[in-house]
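Trainee: Could we go through this one together? I'd like to learn how to read a fold from its side chains.

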Amino acid sequence: MDSKLIARKIRSGRIMIKAFLIKTIYRIPSGKILNDGERFDPVISPFLDVSHIPRYMFALQYLQKGDTVLDLACGSGYGVKILSSACKQVYGVDISSDAIEYARNRNGSINSTFIISDFFSNTMRADVVVSFETIEHLM
């Protein structure tokens, strides 16, 4: 993990504010960067997450211990890890081999499996399907 402290001056009306941002770059084992703005892991991000984790916490209330769950466009897999605590099996599917590599290494569990596949090519069946922030990427 590489971190850089970046100072930026922001003009707000007549007041100049000096803001500090810690830019953290997470690399997967192959050395490629994961947190590229498209896919990231809010569990390890230095910034407060107000939207990603709560979505999966909401989905948890609909799961039963015997359910098989499919997370389409799972990205870094943090949601698969959350969902795995409440069901029998979770399958995380993403088109990015880098994201799946990261998910397997960072967010895998005994009852989770990560698969490289396209959203439209997926033929898996499940009791529950989740897919967050996906539609805008399908064009």
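Trainee: Let's start with Tyr56, is it buried or exposed?

Mentor: Keeping in mind that this is a predicted model, Tyr56 is buried, because its relative accessible area is 4%, and buried means under 20%.

Trainee: And which aromatic pair is Tyr56 part of?

Mentor: The structure holds 4 aromatic pairs, and in one of them Tyr56 meets Phe132 edge-to-face, with the ring centres 4.8 Å apart and an angle of 75° between the planes. This pair links distant parts of the chain, since Tyr56 sits in helix α1 (residues 52-60) while Phe132 belongs to the segment after β6 (128-130), 76 residues apart.

Trainee: What about the cover on Phe132, how is that residue classed?

Mentor: Phe132 counts as partly exposed, because its relative accessibility is 25%. Tyr56 and Phe132 also belong with Tyr78 to one aromatic cluster.

Trainee: Which other residues of α1 are buried?

Mentor: The buried residues of α1 are His52, Tyr56, Ala59 and Leu60. They lie on the same side of α1, because they cover an arc of only 110° around the axis.

Trainee: Why would residues that are not next to each other in a helix point the same way?

Mentor: An α-helix has 3.6 residues a turn, so residues three or four places apart point the same way.

Trainee: OK, and what do the buried residues of α1 pack against?

Mentor: Their partners are β3 (68-72), α2 (78-83) and β6.

Trainee: Can we zoom out a bit? How many helices and strands does the protein chain have?

Mentor: The chain has 3 helices and 6 strands, and from the N terminus on, these elements run β-β-α-β-α-β-α-β-β. Of the 139 residues in the chain, 38% are buried, and about 8,900 Å² of the chain is exposed, with carbon and sulfur atoms supplying 55% of that area.

Trainee: What share of the contacts comes from residues well separated in the chain, say 24 or more positions apart?

Mentor: If you take the contacts with a separation of 6 or more, residues 24 or more positions apart account for 44% of them.

Trainee: Now the core. How many residues does the largest nonpolar core have?

Mentor: The largest nonpolar core has 18 residues, and Leu63, Val69 and Leu83 are those with the most contacts inside it. Each of α1, α2, α3 and β6 supplies at least two residues of this core, and the largest share, 4 residues, comes from α2.

Trainee: Is there a general idea behind a core like that, I mean, what do nonpolar side chains tend to do?

Mentor: In soluble globular proteins, nonpolar side chains tend to be buried together.

Trainee: Which residues does Leu63 touch, then?

Mentor: Leaving aside its neighbours within four places in sequence, Leu63 is in contact with Val69, Leu83, Ala86, Cys87 and Val128.

Trainee: You mentioned a cysteine there. How many disulfides does the structure hold?

Mentor: The structure holds 0 disulfides. Two of the cysteines are still worth a look, since Cys87 is buried with a relative accessible area of 7%, and Cys74 counts as buried at 4% relative accessibility.

Trainee: Switching to loops, where does Asp41 lie?

Mentor: Asp41 lies in the loop between β2 (15-25) and α1, and this residue is buried, because its relative accessible area is 0%. The C-alpha atoms of Asp41 and Ile53 are separated by 9.7 Å, and the two residues are 12 residues apart along the chain.

Trainee: And what is phi of Ala73?

Mentor: Phi of Ala73 is near 65°, which is a positive value in a residue other than glycine. Most residues other than glycine have a negative phi. Ala73 lies in the loop between β3 and α2, and it counts as partly exposed at 31% relative accessibility.

Trainee: Last one, where is Arg106 placed?

Mentor: Arg106 is in helix α3 (residues 97-106), and it counts as partly exposed because its relative accessibility is 43%. Arg106 and Lys81 are 25 residues apart in sequence, and their C-alpha atoms are 9.3 Å apart in space.

Note on methods
Residues numbered from 1 in each chain as written. Predicted model: local features only at pLDDT ≥ 70, side-chain atom pairs only at ≥ 80, totals over all residues. Heavy atoms only, no water. Phe/Tyr/Trp six-rings, centres within 6.5 Å; stacked < 30°, edge-to-face > 60°. Buried < 20%, exposed > 50% of the residue type's maximum accessible area, 1.4 Å probe, protein only. Arc of directions from axis to C-beta. Contact = heavy atoms within 4.5 Å. Areas by Shrake-Rupley, 256 points an atom, 1.4 Å probe, with all protein chains shown as cover. Core = buried A, V, L, I, M, F, W, Y, C linked by side-chain atoms within 4.5 Å. Disulfide = S-S within 2.5 Å.
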